[in-house]
Amino acid sequence: MFNINKQQVLDAFNFRSACRKYDTSKKISKEDMDYILELGRLSPSSVGSEPWKFLVLQNPEIRAKIAPFCWGIKHPMEEMSHLVVILTKKNVRYDSDYLRDSLNKRGLTTEQIEASVARYKSFQAEDMKILESERTLFDWSTKQTYIALGNMMTGAALIGIDSCPIEGFHYDTVNQILADEGLFDLSEYGISCMVTFGYRAQEIKKKSRKPTEEVIAWIE
């Protein structure tokens, strides 16, 4: 069904490492960047919530404003080809209009929607206990965005594009700067993380991983 084989996927995983220095002379094409973003959009999420938005932050003035607060980006802001800020939807409760709208878009009947809402209530209140505060609910939504993050980085590696996930920044300050720029409403969204994309300027030291026997256990 697919032309790609298992070894090619493993090669891409071995190729992918956190890139800290990008080649400024090489930029990602619009076609390739659209492909990477589509991998994020198509990613799975708990109860089909899709609680994300992807801001492709190419504006140099806005990049410069957040640069002093992004210590996790080790190079000048203009060095990477693309910077994606991943947003998390806030207050994705079982009874929110946001989740109900997602159910409506699936073409469910009224009875199916009400059954799903009841199931989600039990899931959020009892199974995961994430309704205790806005923060626990936000953290649950943020987990979903990391699925999209991983898919985008892996998909980029499959076509030879480098990336680096970024959590090293002052969240309150960067949230406020981007909100003040009118990029999103702080009452609706908050930053989950960032990710840089581009082409490495030099070889990256082979990454270290724990051996198989330390991280995988078969229970038969």
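Helices here are DSSP runs of type H or I with at least four residues, strands are E runs of at least two, and both are numbered from the N terminus. With that numbering, Glu 50 falls in the loop between H2 and E1. The model is a predicted one.

The chain as a whole comes before its details. Eight helices and four strands make up its secondary structure, and their order along the sequence is α-α-β-α-β-α-α-α-β-α-β-α. The C-alpha trace extends over about 55 × 55 × 35 Å along its principal axes. Of the 220 residues in the chain, 40% are buried. Among contacts with a separation of 6 or more, 79% join residues that are 24 or more positions apart. The accessible surface of the chain comes to about 13,000 Å², and 53% of that is supplied by carbon and sulfur atoms. On the charged side, there are 29 positive and 31 negative side chains, with the centres of the two sets 4 Å apart.

The N-terminal end supplies part of a surface feature. Phe 2 sits in the segment ahead of helix H1, which covers residues 6-15. Its relative accessibility is 63%, so Phe 2 counts as exposed, the cut-off for that class being over 50%. Together with Ile 4, Leu 158 and Ile 159, Phe 2 forms a nonpolar patch on the surface, and the four residues have about 380 Å² of accessible area together.

The loop between helix H2 (30-41) and strand E1 (52-56) holds Ser 46. Ser 46 has a relative accessible area of 18% and is therefore buried, since the limit for that class is under 20%. Leaving aside residues up to four places away in sequence, Ser 46 touches Phe 123, Trp 140 and Gln 144. Glu 50, in the loop between H2 and E1, is partly exposed at 40% relative accessibility.

Backbone geometry gives another reason to look at Glu 50. Most residues other than glycine have a negative phi. Glu 50 has a positive phi, near 45 degrees, and is not a glycine. Lys 129, also not a glycine, has a positive phi of about 50 degrees. Lys 129 belongs to the loop that links helix H5 (110-127) and helix H6 (134-158), and its relative accessibility of 46% makes it partly exposed. A positive phi, about 80 degrees, is also found at Gly 182, just after H7.

Helix H7 has Val 174, Asn 175, Ile 177, Leu 178 and Ala 179 as its buried residues. The elements that cover these buried residues include helix H3 (60-66), strand E2 (82-89) and E4. Past the helix, Leu 183 is placed in the loop between H7 (171-180) and strand E4 (189-198). With a relative accessible area of 33%, Leu 183 is partly exposed. When residues up to four places away in sequence are not counted, Leu 183 touches Leu 55, Leu 57, Ile 62 and Leu 178. Leu 178 is one of the buried residues of H7. Leu 183 also illustrates how positions distant in sequence are placed in space: its C-alpha atom is separated by 11 Å from that of Lys 53, and the two residues are 130 apart along the chain.

Note on methods
Residues are numbered from 1 along each chain as its sequence is written. This is a predicted model: local features need pLDDT of at least 70, side-chain atom pairs count only at pLDDT 80 or more; totals for chains, interfaces and linings use all residues. Side-chain values use heavy atoms; hydrogens and water are left out. Patches are made of residues with over 30% relative accessible area and no salt bridge: like charges are joined within 9 Å, nonpolar side chains (Val, Leu, Ile, Met, Phe, Trp, Tyr) within 5 Å. Accessible areas come from the Shrake-Rupley method with a 1.4 Å probe; for residues, only the protein chains shown count as cover. A salt bridge is a side-chain nitrogen of Lys or Arg within 4 Å of a carboxyl oxygen of Asp or Glu. Buried means under 20% relative accessible area, exposed over 50%, partly exposed in between (1.4 Å probe, protein chains only). Contact means heavy atoms within 4.5 Å. Lys and Arg count as positive and Asp and Glu as negative; His and the chain ends are not counted. The place of a charge is taken as NZ of Lys, CZ of Arg, CG of Asp or CD of Glu.
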